[in-house]
Amino acid sequence: MAYAINIKALDKPGVLRKVTEKISKSGVNITYTHLFMETKEYASTYLELEGVEDLEDIVEEVKTFPEVFEVKTFPVMDDIYGKRIIIIGGGAQVSQVAMGAIIEADRHNIRGERISVDTIPLAGEDDLADAVAAVGCLPRVGVLVLAGSLMGGRVVDSIEEIREKHGVKVISLNMIGSVRDHVDLIVTDPVQAGVMAVMTVASTAKFDIDRVNETL
């Protein structure tokens, strides 16, 4: 079973090393970590752990470190926010794709799924390419939807990278540009694109994006 802890500690060198060293000596595997600044003095480190036999013992041990101010336990992000849909592109198109995705996600989440939707309106080849490439650094992403009127150039390289290295499925609106030849599925209607993105990752849906693409 996986667990998550959030550690608020003084922002100084060596604190993260002490914490991770203690956890590893307990035979626990750290599967995900995220560190962020809360104030100029304190930083919070979120850790997801597997192979935990005694979570309370780990929490109490970490609390003994003089640099640590607070330790809290949480369910892992997969249980809270679940699978992620990322939508990138022009503002008008993004909003329409998001509407379809949110409506469909709500339908599945009511039945026990956990699917979340993230959006960012962007324009310009370089900004789009960087944003698409960065999707590979994000956890739990199942599908990326490209919602624009024109995309190509460097964006294609980023698409190929996240598909091959990270297994992210890519859906594109039926736009002008070379991205159309490098995605898993092209959808004309933006609302329907959002619906299909959610159906691709939902365990409660009988939908296979690869089979759909083969029939086109």
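A pocket, in the sense used here, is an open set of grid points where a 1.4 Å probe fits, with protein on both sides within 12 Å along at least five of seven lines. With that in mind, and remembering that this is a predicted model, begin the tour at the largest pocket, whose volume is about 190 Å³.

To display its lining, select Tyr-32, His-34, Phe-36, Tyr-46, Met-77, Tyr-81, Arg-84, Ser-116, Asp-118, Pro-139 and Arg-140. Two elements, strand E2 (29-37) and strand E6 (115-121), each give two or more residues to this lining, and E2 gives the most, with 3 residues. If you colour the lining by residue class, you will find 6 nonpolar, 2 polar and 3 charged residues.

Next, follow E2 away from the pocket and into the sheet to which it belongs, an open sheet of 4 strands in the order E2-E3-E1-E4, with antiparallel pairing. E2 is one of the edge strands and strand E4 (68-74) is the other, each of them pairing on one side only. Looking across the sheet, you can follow a twist that averages 20° from one strand to the next.

Now select residues 3-10, which form strand E1, together with residues 42-50, which form strand E3; these two strands run antiparallel and are joined by 8 bridges. For a single point of reference in this pair, pick Ala-9, which stands opposite Ala-43 in E3.

Finally, select residues 55-63 to bring up helix H2, which lies across E1 and E4 and runs at about 165° to E4.

Terms used
Residues numbered from 1 in each chain as written. Predicted model: local features only at pLDDT ≥ 70, side-chain atom pairs only at ≥ 80, totals over all residues. Heavy atoms only, no water. 1 Å grid on protein atoms, 1.4 Å probe; cavity = no way out; pocket = protein on both sides within 12 Å on 5 of 7 lines; lining within 4 Å. Points joined across faces, edges and corners; volume = space filled by probe spheres on them. Nonpolar A, V, L, I, M, F, W, Y, C, P; charged D, E, K, R; others polar. Pairing = 2+ DSSP bridges. Axes fitted to C-alpha atoms, helices over the stretch in contact; angles between N-to-C directions. Contact = heavy atoms within 4.5 Å.
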